[in-house]
Amino acid sequence: MGDMIDEQLALKVEEAIRTVAAEEIMPRWRRLAAHEVETKSAPHDLVTVADRRAEERLTEILAQLLPGSVVVGEEAVAADPAVYGALAGDAPVWIVDPVDGTRQFVEGDEGFCTLVGLAHRGVLEASWTHAPALALTAHARRGVGAFVDGERVFAGSPEPGRPLTVAHAHPNYTSEEEKRVLARLEVAGVAPRECGSAGLEYVRVARGELDAVAFNWESAWDHAAGLLMVLEAGGTHETVAGVPFAIAGGNALPFTAARDELTARRILSLLNGA
């Protein structure tokens, strides 16, 4: 039950995330020069100097806070895909997305955040979601609960008779086949929309503001923090194969994270074409 990380260490991690965001991310928000924004694997796959500097600092700090741990960060994996293999190892792993919602960050929108998760042998132990422009910080610890700005949150269940609200993968990042599968959510009783920052969408599910998400990619840095938030708020997550999403990969896609089991089953039934 979260024995790997106590309250003191959790607070040190949150302080580190806040400090790095304040010093490396926020001074560049709405002030990025053209040369400070680059593309990676595709035109919509952006990286900025803020992403790189924040990840570098978090990598150094987090490894020091928990001796023997390793870090899997989005930009480190972009440079060396072999880094991702640490998720299947025996050492505790910090999973870092320095700027989740880089597109929003580049556009000057407030909807971006820093995501940090801690996992050990595939089990998520703790997570942090910090959205500095929104003045929002969420934290979860396995067996302890999910919290937003210090207040415990519960996902609850959707109100009967109301359409289910679902945020799904943005079309800029999906293939034609993936678009076809996600289009199955466009039925009576479901109100789908394109997602923004995945990390912030997970927080909305944990707070009961959004009924579910439906995603079709596995990148651990996008999902680790949010999946634990949803679980500790009383929600659930499951792939189209009917099993929980595995943070190390090898999942049948797409998958959902939802406020309750009934909602998850409804979303998966639609995605499976049932």
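In this predicted model, 26 residues line the largest pocket. Those nearest the pocket centre are D45, E74, Y173, W217 and D222. Three elements each give two or more residues to this lining: strand β4 (93-100), helix α4 (102-107) and helix α7 (220-232). The pocket holds about 610 Å³ of space. Its lining comprises 9 nonpolar, 10 polar and 7 charged residues. Both domains take part. Domain 1 (7-152) and domain 2 (164-272) each supply at least three lining residues.

The domain layout gives the setting for this pocket. The chain is assigned a domain 1 that spans residues 7-152 and a domain 2 that spans residues 164-272. Their C-alpha centres are 20 Å apart. On the domain 1 side, 42 residues enter the contact, and on the domain 2 side, 25 residues do so.

Strand β4, one of the elements of the pocket lining, also holds D97. D97 is buried, because its relative accessible area of 1% is under the 20% limit. Beyond its neighbours up to four places away in sequence, D97 touches E74, C113, T114, L115, W221 and D222. Among these contacts, E74 and D222 also belong to the residues nearest the centre of the largest pocket.

The loop between β12 (212-215) and α7 holds E218. E218 is partly exposed, with a relative accessible area of 24%. This class follows because 24% lies between the limits of 20% and 50%. The contacts of E218, again leaving out residues up to four places away in sequence, are Y84, H223, F245, G249, G250, N251 and L253. G199 is 19 residues from E218 in sequence. In space, the C-alpha atoms of E218 and G199 are 13 Å apart.

L253, one of the residues touched by E218, precedes a cis peptide bond. The bond runs from L253 to P254, and its omega is near 5 degrees. P254 sits in the loop between β13 (236-239) and β14 (255-258).

A cavity was also found. The structure holds 1 cavity of 30 Å³ or more. The space in the largest cavity is about 30 Å³. Its lining is made up of L87, G89, A91, V93, A119, H120, R121, G122 and I247. By class, these residues are 5 nonpolar, 3 polar and 1 charged. Such spaces come to light because a probe the size of a water molecule, rolled over the atoms, shows where empty space is left.

Helix α1 (residues 7-25) contains E24. E24 is a buried residue, with 8% relative accessible area. The residue counts as buried because 8% is under 20%. Two arginines make polar contacts with the E24 side chain. The side chain of R53 meets the side chain of E24 at 3.2 Å. For the side chains of R57 and E24, the polar contact is 3.1 Å. Leaving out residues up to four places away in sequence, E24 touches A50, R53, A54 and R57. The contacts of E24 thus include two alanines, A50 and A54, beside R53 and R57.

Two residues other than glycine show a positive phi. One is R30, with a phi of about 65 degrees. R30 lies in the loop between α1 and β1 (37-39). R30 is exposed, because its relative accessibility of 56% is over 50%. The other is A135, where phi is about 55 degrees. A135 belongs to the loop between β6 (123-131) and β7 (136-141). A135 is likewise exposed, because its relative accessible area of 61% is over 50%.

Terms used: Residues numbered from 1 in each chain as written. Predicted model: local features only at pLDDT ≥ 70, side-chain atom pairs only at ≥ 80, totals over all residues. Heavy atoms only, no water. 1 Å grid on protein atoms, 1.4 Å probe; cavity = no way out; pocket = protein on both sides within 12 Å on 5 of 7 lines; lining within 4 Å. Points joined across faces, edges and corners; volume = space filled by probe spheres on them. Helix = DSSP H or I, 4+ residues; strand = E, 2+ residues; numbered from the N terminus. Nonpolar A, V, L, I, M, F, W, Y, C, P; charged D, E, K, R; others polar. Domains from an automatic or database assignment. Buried < 20%, exposed > 50% of the residue type's maximum accessible area, 1.4 Å probe, protein only. Polar contact = N/O pair within 3.5 Å; in protein donor to acceptor, adjacent residues only side chain to side chain. Contact = heavy atoms within 4.5 Å.
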